[in-house]
Amino acid sequence: MSEAAGAPHWDLSLLYEYGSPRLEADLRKIRSLGCDFPLWRERLAAPDFSPAEFDSLLSDLAHIQEFSSRLSGYSTLYFSEDTANQKAQSFVGMVDSQLVELENSLLFFQHWWKHLEADRAEEFLRAVPRLEYYLRRIRAFKPYTLSEAEERIINYKDVTGSEALVVIYDTITNRYRFRTDFLPGGAEGRVSREELMVHARSHLPEAREGAYREFYRVFGEEGPTLALIFQSLARDWRVENVTLRGYRGPREARNVVNDLPEHVVESLLRVSESETPRVFGEYFRKKAEALKLPRLRRYDVYAPLAPAPEREIPFSEALEEVRKAFSSFSPRMAEAALNVYEKRHLSAARLPGKESGAYCASLDPDDAPWVLMTYKGRRQDIFTLAHELGHAVHSQLAAGRGIFQFHAALPLAETASTFGEMLLASSFRRKNSDPLVKNDLLFHLLDDAYATVGRQAFFSLFEAEAHDMVEGGATAGEISAAYFKNLQRQFGDSVELSPEFAWEWVSIPHFFHTPFYVYAYTFGQLLVYSLYRRYEIEGEAFVPRFLGILSQGGAASPVDILNEAGVGPLDDDFWKGGFEVIESFIKELD
Ligand SMILES: [Zn+2]
């Protein structure tokens, strides 16, 4: 038995037991709550509806939300511990459809609140200061909301319009199968995207090249068709959000969801645009040296270095590493991380049918979050553990914000998780004198930094350009040419590009699924680097400020949370601070 077998599995029965009377009773209860809540509808319309009643309505709503979070949470946890379990599959479907119905029966409240005249809304807000941000967020979309009839038309038309286009995109691209005859031994098999791209990280240069060439051969052949889908989606996005809803530009619709002002996003992208070629260019030159190549090819960006010898690390040691790293920053952080393990909410064991990947599910502010991952005894698994336990620390520190506000908003969602990884990395670097192990860690960090910061920032710059080009009637070929120019600016002369990468953009699902999403990755990662730099400079004094950021959860806008902690302003210098941390890693490379 391997030592990694020491990894624990959670005790899901602490939440529910499948088929138990308690679960059945709660499912019945959620149905009755869904029936009772609409009784408020009448009171809302009454002229004497009071702030005190408003407060008790919100308590009802919170109660319902807590129930549905636990039930839907349980169904997904139960499914993810064994995805082959058919009972679990149908249970997830059943709970989902009940919750959709429940949500529909609650919608009238949001509609009423959004459209309430400003003076009355302010009066109600004064009665429930604890939920001010949550309530203001609902009203933030009011200026962009159309009449009920128009909203209905858009909803109906989206199903057969933009949403259908996304389904078509997924259907076409999921069907792609790739040849692997570039491999030594000439395997003729046809494999999926995931199976093919494993070879993009092969230690064999020909395998990496072969994988990319095959990937873009397939995407390139269908490029014009996929581009046509993108062009339609981009037009749809602009017509709906700019022409109809009145956002000032196509990206602003996403900024409002993220609650980030455009000038912050602009500053983030402006700095990333100038720093990426310089900072990562230096990294790619060092990586080429380490790989003994005259110049890095685009094929080699994620090439592995000869790995440092590694032994299998027992789970107990991994947990102790995370505890020590967190505790060196703040004992409170270590305590919250360990709580997940001690409460038996952590599943790290290898199990047949278990979902691959990792997540932290914070279902209930009054209970420890649930964490799932598969621990295999590798160093990278300890980083995954630190990442997910970091998420768990975040939501536990924010527990006091209640069910509506204890989840951080997207721009801050990765703050504790990524910071936790940084703490672990520096604790490893401090105690490891072996230069091989140290370099291994640094290359890992830097590959990650490139993929999250530089690459996503240039995606985002391209995306804005592509939306404008579509508006101006550009062809698929012209958009691909613009993408290639974007790559040339990104890599400068540090990386050798090959023409097939011009079609990379049609292979990026985010451009199709969630327009203008990707800058959030750059934002989150650079933010953490920048915070980490403050910690290095300020030491102890920084700790309460960081914990203060976490304890806000999603109870204020990202900018306000950071300002209140004395971090920011989020201007060019702030983002440059993040790049300086990346540069310091590069300097440490031997
Ligand atoms: Zn995460």
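Start by selecting L389: leaving aside residues up to four places away in sequence, this leucine touches V322, A337, V340, V371 and G420. Keep in mind as you go that the model on your screen is predicted.

**The core around L389**

Now widen the selection. L389 is one of the residues with the most contacts inside the largest nonpolar core, a group that also includes L268, V322, A337, V371, V393 and Y519. The core as a whole has 143 residues. Colour helix α18, residues 435–471, to find the largest share of it: 15 residues come from there. Domain 1 (3–140) and domain 2 (315–402) each supply at least three residues to this core as well.

**The two domains**

Give those domains two colours: the protein is divided into domain 1, spanning 3–140, and domain 2, spanning 315–402. How far apart are the C-alpha centres of domain 1 and domain 2? They lie 25 Å from each other. For the contact between them, pick out 21 residues on the domain 1 side and 22 on the domain 2 side.

**α14 against α17**

Stay with V322 for a moment and show helix α14 (residues 315–329) together with helix α17 (residues 415–431). Their axes are 9 Å apart, and the helices pack at an angle of about 100°. With angles of 65 to 115 degrees counting as roughly perpendicular, α14 is therefore roughly perpendicular to α17. To see the contact, display E321, V322, K324, A325, F326, S328 and F329 on α14, then G420, L423, L424 and S427 on α17. Two of these names should be familiar: V322 and G420 are both among the residues that L389 touches.

**α8 against α11**

Next, select helix α8 (residues 162–174) and helix α11 (residues 223–244). Which way do they run relative to each other? The axes come within 10 Å and cross at roughly 155°. Angles over 145 degrees count as roughly antiparallel, so α8 is roughly antiparallel to α11. The crossing in which α8 passes α11 is left-handed. Turn on side chains for S162, L165, I168 and Y169 in α8, which meet L226, I229, S232, L233 and D236 in α11.

**A stop at H203**

Move to the loop between α9 (193–197) and α10 (205–221), where you will find H203. Is H203 buried or exposed? It has 12 other C-beta atoms within 10 Å, so it is exposed. Add A306 to the view: H203 and A306 are 103 residues apart along the chain, yet their C-alpha atoms are separated by 7.9 Å.

**Backbone details**

The last stops are about torsions. Most residues other than glycine have a negative phi, and most peptide bonds are trans.

- Select D259, in the loop between α12 (252–258) and α13 (262–290). Its phi is positive, near 55°, and D259 is not a glycine. With 19 other C-beta atoms within 10 Å, D259 is partly exposed.
- Go on to R344, in the loop between α15 (331–342) and β4 (346–347). R344, also not a glycine, has a positive phi of about 60°. It counts as partly exposed because it has 16 C-beta neighbours inside 10 Å.
- Finish at P569, in the loop between α23 (558–564) and α24 (572–588). Check the bond from G568 to P569: it is a cis peptide bond, with omega about 5°.

Conventions:
Residues numbered from 1 in each chain as written. Predicted model: local features only at pLDDT ≥ 70, side-chain atom pairs only at ≥ 80, totals over all residues. Core = buried A, V, L, I, M, F, W, Y, C linked by C-beta atoms within 7 Å. Buried ≥ 20, exposed ≤ 12 C-beta atoms within 10 Å, placed from the backbone. Helix = DSSP H or I, 4+ residues; strand = E, 2+ residues; numbered from the N terminus. Domains from an automatic or database assignment. Contact = placed C-beta atoms within 7 Å. Axes fitted to C-alpha atoms, helices over the stretch in contact; angles between N-to-C directions. Parallel < 35°, antiparallel > 145°, perpendicular 65-115°, else oblique. Left-handed = near helix turned anticlockwise from the far one by under 90°.
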